Every structure is written in C-alpha cells, then in structure tokens.
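Grab a pencil and work through these exercises with the model open beside you. Each task comes with a solution that goes step by step.

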Amino acid sequence: MLPFVWSDDCLRHQPAAEVWVGTRTPASEVPARALAIREALLGAGAREVAPVAHDDSALLAVHDPALAEFLRTAWEDWAAAGLPSDQVVPYVFARSQLTGGREPAVPAAVWARPGLFAYDTMTLIGPGTWEAARAAVDVALTAVDLVVEGEPIAYACCRPPGHHVTRSLYGGSCYLNSTAVAAAELVGRVGGPVAVVDIDAHHGNGTQEIFLGRRDVLTASVHVDPGAGWFPHFLGFAVENDEANLNLPLAHGTGDEGWLAAVREAAAFAAPARALVVALGVDAAAGDPESPLEVTAAGYREAGRILGKLELPTVVVQEGGYDLATIGPLVVETLAGLAR
Ligand code: SP5
Ligand code: ZN
C-alpha cells in the first residue's frame with residue numbers, strides 16, 4: 001500500500017481570485033483540488049499518513065529567510081493596513097535594473113512590499129496562505145522521511161504547489177518550493193546526486209533557479225514551450241541546459257507520443273541519481289484548462305512506469321493540475337505506473 005502524506009492545513013489557502021492582465025478572475029488553484037486527489041487515493045487503497053512537523057532548517061536551505069518572513073507576516077500586515085483588496089497583491093515590482101543593481105529599499109508602505117518578493121499578480125496571499133504553504137513543506141519532508149526509512153515510493157499531497165518559486169521570489173500560484181526542499185533534504189540524507197523530474201505542464205523554473213550551478217541536484221523539466229506564449233514566459237528553453245539541467249519544451253498540442261519521448265529523455269538524465277523527486281503536475285492532460293498539452297490517463301500511467309524503472313527511492317510531490325474531475329484519477333494512474 002503506497003503511503004501518501006496529507007495535511008488538512010493545505011486546505012487553508014483559499015484564494016477566491018487571481019489578477020490576470022489586470023482583471024480579477026476566479027482562482028484555479030483551489031482547495032477542492034487536494035480533496036479530489038485524496039478521495040481518489042483512498043478509493044485506490046493508498047495509506048494516508050499524517051505529516052510530522054519539521055523545523056525551518058530544510059526550508060531555509062533553499063529559500064531566502066526574507067521571503068519566508070514576508071510570507072509568514074504578509075497577510076497580517078496587509079489586513080492591519082486596511083487596504084481595499086482582501087488579498088495581498090503587488091502593484092510595483094523591485095526590478096534590479098530599477099535600482100542600478102543596488103539592493104532595493106524595504107518600502108515603508110505595506111502595499112509596496114509584495115513587489116520585493118512577487119513576480120506576478122496571480123499569486124495572492126490571504127489568511128491561511130502561509131499556514132498551507134508551510135504545511136505543504138512538512139508534507140514533502142515527511143514523504144522524504146518515509147523514503148529514507150525504506151519506503152520505495154511516497155506521495156506528498158502538497159498544496160499550494162511550489163515549483164515556480166525561486167530562492168527569493170514567489171509566483172505561478174506557488175509560495176514555497178516543496179519539491180526543492182525535498183530534493184535538497186534528500187541530498188543531505190542519502191547523498192547526491194538527487195534528480196528532480198518535473199512533468200507539470202509548465203517549466204519548473206523555481207527549482208531550476210534554486211539548483212543552478214549545483215552538480216548534486218539534476219533538474220529535468222518536460223513542459224509546454226514558453227516560446228509559444230506559455231507561463232513562465234521568460235525561461236524554460238533548451239538553451240538553459242547544462243550538465244545538471246535539462247529543459248524539454250514541447251509544442252502546443254503534444255500528446256502521449258511526444259510527451260512520453262521527453263519523459264524517457266528526462267528519466268535517462270536522472271538515471272545516475274541516488275534518489276528521485278517527481279514534481280507531479282497533471283495539468284499536461286488533455287482537458288486541463290491551464291495547458292494545451294494533450295496527454296491521456298494512459299500516458300500518465302506510462303510516465304509512472306518509465307520513472308519507476310529507474311528503481312530509485314522516490315518522493316512524488318504534487319504540483320499543478322486544474323481539472324477537478326480528472327486530477328485525482330490522473331494522480332492515481334501515475335502512482336500505479338510508478339509502483340513496483
Ligand atoms: C503550479 C502551476 O501549474 N502553476 C501554473 C501557473 C501558470 N498560470 C498561468 C496562468 C495564465 C492565465 N490563466 C488564466 C486563468 C484565469 N483564471
Ligand atoms: Zn503547471
């Protein structure tokens with residue numbers, strides 16, 4: 001019975017909205033996603049495990065303490081300032097070119113502070129956002145514990161997702177990078193190299209940036225081509241590839257055949273590792289509202305098989321996936337393929 005780590009606290013982030021092209025639109029990264037996954041896992045006979053509280057050392061090994069402190073206090077400070085928006089949303093952005101490369105000042109205005117740490121307007125902070133994101137880190141670290149203690153595979157039902165968060169910046173519906181925290185922790189516990197294979201529909205830009213220049217974490221990402229107009233827009237290209245980073249951007253409309261060929265390439269890249277983290281987004285599925293990839297449930301099962309054949313200790317961390325009717329079954333298919 002495959003263990004999955006679950007925390008009710010991951011439901012506490014409840015963004016009613018996101019701001020996209022200046023417009024308030026309904027949020028897509030909602031608590032019902034996690035509930036749908038849990039229901040499917042329980043239906044498939046997986047074993048629920050409660051998270052164990054971990055101190056901040058693993059979190060601060062990958063994130064700037066200033067980012068963590070901002071996220072922890074942002075909602076409280078925002079609410080106390082009596083601002084018109086019921087969620088923390090940036091309006092100015094501290095770009096390095098703005099300050100001639102110097103460190104920007106910490107703004108006196110509470111409403112300007114999100115611009116030190118946010119890189120988009122879609123990723124809002126409300127009451128419970130910090131608690132959920134921090135719980136997701138504990139969920140991922142508990143899955144690491146299970147694998148270090150001998151489970152071949154453990155699934156971390158993390159929400160909100162994390163792979164778009166860099167060392168110091170949050171965005172893409174993500175606040176803390178649980179995938180990166182798990183990978184860095186595995187390096188310390190089982191030794192490097194550790195591989196991250198990211199099969200979310202979007203480039204795992206945060207994970208790439210966090211491990212940039214390190215040889216003990218191999219990062220591979222299979223995603224829709226940002227050059228064709230897809231988030232995260234500014235990066236995720238093959239030109240960023242080196243000995244420890246592999247981007248495999250795919251054309252709009254790519255289905256099982258092309259996607260699985262890229263997953264096989266990512267698996268081959270990960271083969272030298274001593275442990276594996278799968279950043280599992282199921283938004284590459286046909287019908288997902290946030291991506292144009294056309295992967296089937298059978299495709300996700302086969303991706304699981306391909307990664308399972310590496311026979312590495314494996315932590316699976318939940319990332320994206322926004323079609324509430326299929327997200328649970330797609331996660332179950334992937335885990336069924338992985339199980340050995
Ligand atoms: C973890 C993850 O899958 N993050 C995805 C972030 C990409 N979001 C891009 C959103 C582009 C605009 N979508 C319009 C939806 C309006 N509610
Ligand atoms: Zn995604």
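**Exercise 1.** Where is Val21 found?

*Solution.* Keep in mind that this is a predicted model. Start with the position: Val21 belongs to the loop between S2 and S3. Now check the backbone: Val21 has a phi near 40°, which is positive although the residue is not glycine. For context, most residues other than glycine have a negative phi.

**Exercise 2.** Find which elements give two or more residues to the shell around ligand 1, after working out its polar contacts and its pocket.

*Solution.* Step one is the neighbours. There are 17 residues around ligand 1, and those that come nearest are Glu18, Thr25, Pro26, Asp283 and Tyr322. Sorted by class, the shell holds seven nonpolar, six polar and four charged residues.

Step two is the polar contacts, taking N or O pairs within 3.5 Å. Glu18 puts a polar side-chain atom 3.1 Å from a nitrogen atom of ligand 1. With Gly172 the partner is a polar backbone atom, 3.1 Å from a nitrogen atom of the ligand. Glu290 uses a side-chain N or O atom, at 3.4 Å from a ligand nitrogen.

Step three is burial: on its own, ligand 1 exposes 500 Å², and the protein buries 85% of that. The pocket in which ligand 1 sits is the second largest. Back to the elements: strand S2 (17–20) and strand S3 (23–26) are the ones that give two or more residues to the shell.

**Exercise 3.** Which residues coordinate the zinc ion (ligand 2), and at what distances?

*Solution.* List the donors: Asp200 appears twice through OD, His202 gives ND1 and Asp283 gives OD, at 1.9 to 2.8 Å. Then read the spacing along the sequence, D-x1-H-x80-D. Finally, place two of the donors. His202 is in the loop between strand S6 (194–198) and helix H6 (205–210), while Asp283 is in the loop between strand S9 (275–280) and helix H8 (297–308), so this pair ties together parts 81 residues apart in sequence. Asp283 also turned up among the residues nearest to ligand 1.

**Exercise 4.** Where does the peptide bond from Arg159 to Pro160 sit, and is it cis or trans?

*Solution.* Check omega: it is near 0°, so the bond is cis. Pro160 lies in the loop between strand S5 (153–156) and helix H5 (178–190). Now look at Phe231 and Pro232, which are also joined by a cis peptide bond, with omega about 10°. Pro232 is in the loop between strand S7 (217–224) and strand S8 (245–250).

Key. Residues are numbered from 1 along each chain as its sequence is written. Chains are lettered from A and ligands numbered from 1 in the order in which they are written. This is a predicted model: local features need pLDDT of at least 70, side-chain atom pairs count only at pLDDT 80 or more; totals for chains, interfaces and linings use all residues. Side-chain values use heavy atoms; hydrogens and water are left out. A residue is near a molecule or strand if one of its heavy atoms lies within 4 Å of it. A polar contact is a pair of N or O atoms within 3.5 Å; within protein, one must be able to donate a hydrogen and the other to accept it, and residues adjacent in sequence count only if both atoms are side-chain atoms. Accessible areas come from the Shrake-Rupley method with a 1.4 Å probe; for residues, only the protein chains shown count as cover. On a 1 Å grid over the protein atoms alone, a cavity is a set of points where a 1.4 Å probe fits but cannot get out, and a pocket is an open set with protein on both sides within 12 Å along at least five of seven lines; lining residues have an atom within 4 Å of a point. A molecule sits in a cavity or pocket if more than half of its atoms lie within 2 Å of its grid points. Helices (H or I, at least four residues) and strands (E, at least two) are DSSP runs, numbered from the N terminus. Ala, Val, Leu, Ile, Met, Phe, Trp, Tyr, Cys and Pro count as nonpolar, Asp, Glu, Lys and Arg as charged, and the others, Gly among them, as polar. Donors are N, O and S atoms within 2.8 Å of the metal (3.2 Å for Na, K and Ca); water is not among the atoms, so sites may look incomplete.
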